[in-house]
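Reader: Could you take a close look at one part of this structure with me? I would like to start from the inside and work outwards.

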Amino acid sequence: MAKEIKKIAIYGKGGIGKSTTTSNISAALVEAGYKVLQFGCDPKSDSTNTLRGGKYIPTVLDLLRQNPNVDAHDAIFQGFQGVYCVEAGGPAPGVGCAGRGIITAVELLKQQHIFEELDLDFVIFDVLGDVVCGGFAVPVREGIAEHVFTVSSSDFMSVYASNNLMKGIKKYSNQGGALFGGIIANSINSDYQKSIIDDFVDKTGTKVIEYVPRSITVTQAELSGRTTIEAAPNTPQADIYRSLARKIAAHTESRVPTPLEIDALREWSANWADQLLAIETNEVRGERAGI
Amino acid sequence: MTKILDEPRYACALGAAQTVQAIYRAVPIFHSGPGCAGRVSGNSGTGYLSTNTFPCSNIGEAEVVFGGEGKLREVIANSLKVIDGDLFVVLSGCTTEIVGDDIVQVVGEFEDASKPILHVNTPGFKGTNYEGHEWVVDALIKQYLSTLPKGEKIKGLVNIWGPVPSHDPYWIGDFRELENLVREIGLTPNIIFGEHRGIENLNNVPLAEFNLLVSPWVGLQNVQLLEEKFGTPFLHYPTLPSGAHESSEFLRAVAQFAGLPPEPVEQIIARHEEEYYYHIERNVSVFFENRTASKMFSTVSTAHRALSVAKFLVNDFGLMPNKQYITENVPEKHKARIAQYFKEFNYNIQAEAVFETDGYKIHEQIKQEYYAGPPLIAGSIFEKKITKELDGNFICISSPFSQKVVLHSSYVGYHGGLKFLEDLYTGVYQTYN
């Protein structure tokens, strides 16, 4: 009997560190001996770059553009310690439908039973930011992924994107769609940032999988075209990614989230704005007191 | 909100391809999936160009993902090479609109082509084929007629608008009869749709002395646009005239608007009425001694056809109206005005216009109405069964039509009224004899 493949989707607002985090999780998992495929679902098609020395690979849609009968193997490339990399790709900016592109790319690999054939332990979908249309919800529905995680900082727009994602998950949850695993709290370097995310997961019935601090090590690794796991394996930051990967590997039960309605979300963010102002004011007073 | 629509009687905006096809030697180019193109071309017969040869970009998944502009460009270029047409009109379907193909830009690249190429955004989600018809005519005005060199107005030239080509089974005969009526009082009719009229008539549109719109709403925005672009005044005459009374009223209104002396027009009217009532009189036994004849009626049709038939049956033939069902999803802004038209019969007789697109809901209401005997239902093929259930009389006046073949006949004008009675009582005879 074929082994169970763990299928995970990682969402997050653009620029929040989603691909960085995903690639480090993939790298940590292959390092731990798992067989992993990372599937970039972003028209920018740079999700897997740091797994392959900073190099772009031909995307599924690039191949489809040239030939309607694509052999999915042609879109699979190996990177760091044998990790499999696929990029869905997309149309040129401003034309066509990127959402449909993702549907097409995912369906192609599914139809050709690539995941089973590669004897994978993990498939990790790295999906563009907001669930702006049906195409970006594909990994959530139709049983393509089982667990969805979101990468979020404590910035409001990032939290907003996570909340939107939860809405998408909730919508498909009674139709056999993926459930929500939790938030990967990224760029968390202070207590108040942690408090914001903690409060948000509390309100939405979810949890934080890992707090990942902002670190120059990550930037240095990225600039060298590598993941932190590869470029700086003996750093605390690499260990945080390893810990995150272990938690994701051990994660078994996801839930239906309870996203906030838009008014509640605005009220929530307004409350936090007041609190932050108070924190700032206190700091100023504290500094003055010290003079 | 999504709902199930039972027995719809209109097509989507892409159905406006029929309007293009009705212009002799004009060619619709579909920028849509093949299914949409096939579906909307299916019932419009053939003509200068068979519907099976309409160019279509046949967009598939690759065009959805990457955009279909390249394929459209290719189809336009090749259509120009292989189709000997005078005018090409690109019509976009839902899918290409959703993925954001810029047909304006692609068509713009053919500005220097040997034949004019126009573009109309006709996604089905935006409106019906009736609105699509208006958008095509607007495109003709804005993108083609406005680019022609300015010419002098031609005295007595009248553009006639109103019937919607192909979707209305009687459109071609109706245009011909309107043409005949207008010609008889000394004006020169100009119609762009129908046999061998084509681009020559289209080119004359800006030169007309006035525009005559014979329709409750379809085409109103077009004649308003023509007035704005070319300073051409328009007469909006909502009733498609059928039978003696309405045809005479029509001739008087047109003559008055054109500033023609009334006397010669009255002579023409008198001659027609004499002939018309001769036939009515000699067949009166058919109409009134038939115990199965109806006293009250409902129409289930477009505002255009329903008003025409209702006016004829009340003002000319003396039946009483029940509810009149308007089925083509009339835009909100026209509804109050159309409802008022149905309150302006002779002898202060009024009817309630019900705007309803759902066949089931219409039939449920018809079942509740009192017709003082066998009801007369003038509708589409969808009304045949309900009429039978009510032991009534049925006449098919509207799409979907598959009840009889209409080559070129019409219910418009004096002879059109007689033709209506022939068809109506043929139905009565066939039901009861």
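Which residues in the largest nonpolar core touch the most other members?

Author: Happy to, with the reminder that this is a predicted model. The largest nonpolar core has 109 residues, and those touching the most other members are Ala16(B), Ile23(B), Ile29(B), Val89(B), Leu91(B), Val136(B) and Ile160(B). Helix α14 of chain B, residues 303-316, is the biggest contributor to this core, giving 8 residues. To see how one of these well-connected residues sits, take Val136(B): setting aside neighbours within four places in sequence, Val136(B) contacts Ala16(B) and Val89(B), along with Thr19(B), Val20(B) and Val120(B). There is also a second, separate core, made of 78 residues, with Ile25(A), Val123(A), Phe180(A) and Tyr241(A) among them.

From the cores we can step out to where the chains meet. Here 9 residues of chain B are in contact with 11 residues of chain A. On the chain B side, helix α3 (residues 61-66) gives the most, with 5 residues. Sorted by class, that side of chain B holds 5 nonpolar, 2 polar and 2 charged residues.

Chain A has a contact of its own to explore. Its domain assignment gives domain 1 (6-260) and domain 2 (262-291), and their centres, taken over C-alpha atoms, are 32 Å apart. Each of these two domains of chain A puts 7 residues into the contact between them. On the domain 1 side, α5 (156-173) and α6 (191-203) of chain A each supply at least two residues. That side of domain 1 of chain A comprises 5 nonpolar residues, 1 polar and 1 charged.

Technical notes: Residues numbered from 1 in each chain as written. Chains lettered and ligands numbered in written order. Predicted model: local features only at pLDDT ≥ 70, side-chain atom pairs only at ≥ 80, totals over all residues. Helix = DSSP H or I, 4+ residues; strand = E, 2+ residues; numbered from the N terminus. Nonpolar A, V, L, I, M, F, W, Y, C, P; charged D, E, K, R; others polar. Domains from an automatic or database assignment. Core = buried A, V, L, I, M, F, W, Y, C linked by C-beta atoms within 7 Å. Buried ≥ 20, exposed ≤ 12 C-beta atoms within 10 Å, placed from the backbone.
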